[in-house]
Amino acid sequence: MALNNKHKKTLEKIWTANPNVRFSEISALIIALGGEITSDGGSHYRARLKGKRTVIAKPHGGNKNPDIGAIKGIKKFLHIAGITVDGN
């Protein structure tokens with residue numbers, strides 16, 4: 001799986017818990033890693049990657065960036081799925 005530069009930057013932001021990462025960038029990264037994202041019809045999205053699953057809450061209102069707790073949860077999900085900071 002080859003990540004483009006944008007996906008690599010998103011992965012770096014997640015790994016450093018940078019609050020300037022958008023939900024859309026996170027979902028695009030998961031898809032680029034071979035995963036899938038599905039909506040439950042509300043603000044929660046189910047992510048699946050390498051047989052692992054999690055639920056990600058999409059930020060409400062004008063805020064497009066998840067909070068630090070959500071970013072750390074996404075990092076943990078990626079780590080459990082075997083993804084490292086270099087995307088492997």
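With a relative accessibility of 17%, Glu25 counts as buried in this predicted model, because the limit for that class is set at under 20% relative accessible area. Glu25 is placed in helix α2, which spans residues 23-32. When neighbours within four places in sequence are left aside, the contacts of Glu25 are with Lys6, Thr10, Lys13 and Asn20.

Helix α2 also contributes to an aromatic pair, of which the structure holds one. The pair is formed by Phe23 and Tyr45, whose rings adopt a tilted arrangement with a centre-to-centre distance of 5.1 Å and an angle of 55° between the planes. Since Phe23 lies in helix α2 whereas Tyr45 belongs to strand β2 (residues 44-49), the pair ties together parts that are 22 residues apart in sequence. Both partners fall in the buried class: Phe23 counts as buried at 7% relative accessibility, and Tyr45 counts as buried at 18% relative accessibility.

On the strand side of this pair, β2 is joined to strand β1 (residues 36-39) in the antiparallel sense, the pairing extending over four bridges. Within this arrangement, Tyr45 in β2 stands opposite Ser39, so that the residue whose ring pairs with that of Phe23 also has a place in the pairing of the strands. The two strands, β1 and β2, form a hairpin in which four residues lie between them, and Gly41, located in the turn, has a positive phi of about 95°.

Definitions and conventions
Residues numbered from 1 in each chain as written. Predicted model: local features only at pLDDT ≥ 70, side-chain atom pairs only at ≥ 80, totals over all residues. Heavy atoms only, no water. Buried < 20%, exposed > 50% of the residue type's maximum accessible area, 1.4 Å probe, protein only. Contact = heavy atoms within 4.5 Å. Phe/Tyr/Trp six-rings, centres within 6.5 Å; stacked < 30°, edge-to-face > 60°. Pairing = 2+ DSSP bridges.
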